[in-house]
Amino acid sequence: MINLTSVLTENTHFYKEHYIEQLKPHLGRPYVSYSTMESWNEYREDFIKEKLVGLPQPFGIYKEFGTYIGTAYENGNFEHENKHGFIGQENIDWTKYRQEGDEYEKLIIIDRGDYICVGFIDKFLRLGDNTVWVNDCKSGGAKKEDKYSSDEYKQVTLYSHALEEMGEKIGRTDVLFIRRESSHYKPPLKIGKEQFYIPITHTKEKVDKALKYMDKSVKEISEIKSVYDKYFAENKKINR
């Protein structure tokens, strides 16, 4: 039995009208997101503190910057709140990256039997040959693009696989990379003028590797959560 830190309920933050039809059949099932898998594999100590112990972790300024860019990508403008005073908005012309028929934050679900993976495609577009374009938007400083052009990055591959399971044919997969200038040492963070697409090759071999990565991550998370529940969660109840 898989024991994850999240279970899909009607109170889950993304259980909203637009997605209910897709999500409702999966109510009560444990779920994982790509960001949860990344957190487990790259920032394990922070994952344990936040997801198991329940200690709030500081929401890093770079993550805030990425969220700010992602919201602007979805909306096509920078009219939303900018509480950290990010600058450089004039360096992006969003009309260059938006096409008629774009769908943003498209829900995908990968059913792995014991659990599901839930994700949201930054931009989905049906192309003229009836194939689909799966695009993710990322930001980062110098050399950060190397991560997204390597096999280490699996998000677009998993999301494309989910669409294939729904009968779609994948025509284009890539990342729109937005260069970030400055750092937390020299704030404010700035949106750079350098923006480009990073092609992501979509193959069955890459899908198989990504699914193995996901299953392995979920198994490890489940094992540590079960240990935590056995030795610590019960003690919390006793000591109340």
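Colleague: What makes up the protein in terms of helices and strands?
Modeller: This is a predicted model. The protein has seven helices and six strands. From the N terminus on, they run α-β-α-α-α-β-β-β-α-α-β-β-α.

Colleague: Why does the radius of gyration agree with a compact globule?
Modeller: A compact globule with 240 residues would have a radius of gyration near 18 Å, and the protein has 19 Å, so the two agree. The C-alpha trace spans about 55 × 45 × 35 Å along the principal axes. Of the 240 residues, 45% count as buried.

Colleague: What share of contacts joins residues at least 24 apart?
Modeller: The share is 63%, among contacts between residues at least 6 apart in sequence.

Colleague: What makes strand 2 and strand 3 a pair?
Modeller: Two strands pair if there are at least two bridges between them. Eight bridges join strand 2, residues 103–111, to strand 3, so they count as a pair. They run antiparallel. One of the bridges links lysine 106 to isoleucine 121 in strand 3. The two strands form a hairpin with four residues between them. Glycine 113 in that turn has a positive phi of about 85 degrees.

Colleague: How do you know that strand 1 pairs with strand 3?
Modeller: The cut-off is at least two bridges. Strand 1, residues 31–32, has two bridges to strand 3, so the cut-off is met. The sense here is parallel. Valine 32 has cysteine 117 as its bridge partner in strand 3.

Colleague: And what joins strand 3 to strand 4?
Modeller: Four bridges, in the antiparallel sense. Strand 4 covers residues 132–140. In strand 4, tryptophan 133 is the bridge partner of leucine 125. This hairpin has five residues between its strands, and asparagine 130 in the turn has a positive phi of about 70 degrees.

Colleague: How many residues of strand 3 are buried?
Modeller: In strand 3, residues 116–126, 10 of the 11 residues are buried. Helix 6, residues 155–165, is mostly covered too, with nine of its 11 residues buried. Among them are Val156, Leu158, Tyr159 and His161. Just after helix 6, glycine 167 takes a positive phi of about 100 degrees.

Colleague: Why is lysine 143 called exposed?
Modeller: Exposed means over 50% relative accessible area. Lysine 143 has 62%, so it is exposed. It is found in the loop between strand 4 and helix 5.

Colleague: What is notable about the phi of lysine 143?
Modeller: Phi is positive, about 70 degrees, although lysine 143 is not a glycine. Most residues other than glycine have a negative phi. Serine 182 also has a positive phi, near 70 degrees.

Colleague: Why is serine 182 called partly exposed?
Modeller: Partly exposed lies between 20% and 50%. Serine 182 has a relative accessible area of 35%, so the label fits. Serine 182 sits in the loop between strand 5 and strand 6.

Colleague: What makes the bond from proline 187 to proline 188 cis?
Modeller: Its omega is near 0 degrees. Most peptide bonds are trans. Proline 188 has its place in the loop between strand 5 and strand 6.

Colleague: Which residues form a nonpolar patch on the surface?
Modeller: Val227, Tyr231 and Phe232, with about 310 Å² of accessible area together. Tyrosine 231 is found in helix 7, residues 204–239. Patch residues need over 30% relative accessible area. Tyrosine 231 has 47%, so that cut-off is passed. At that value tyrosine 231 counts as partly exposed.

Definitions and conventions:
Residues are numbered from 1 along each chain as its sequence is written. This is a predicted model: local features need pLDDT of at least 70, side-chain atom pairs count only at pLDDT 80 or more; totals for chains, interfaces and linings use all residues. Side-chain values use heavy atoms; hydrogens and water are left out. Buried means under 20% relative accessible area, exposed over 50%, partly exposed in between (1.4 Å probe, protein chains only). Patches are made of residues with over 30% relative accessible area and no salt bridge: like charges are joined within 9 Å, nonpolar side chains (Val, Leu, Ile, Met, Phe, Trp, Tyr) within 5 Å. Accessible areas come from the Shrake-Rupley method with a 1.4 Å probe; for residues, only the protein chains shown count as cover. A salt bridge is a side-chain nitrogen of Lys or Arg within 4 Å of a carboxyl oxygen of Asp or Glu. The radius of gyration is taken over C-alpha atoms; the globule rule is 2.2 Å times the number of residues to the power 0.38. Contact means heavy atoms within 4.5 Å.
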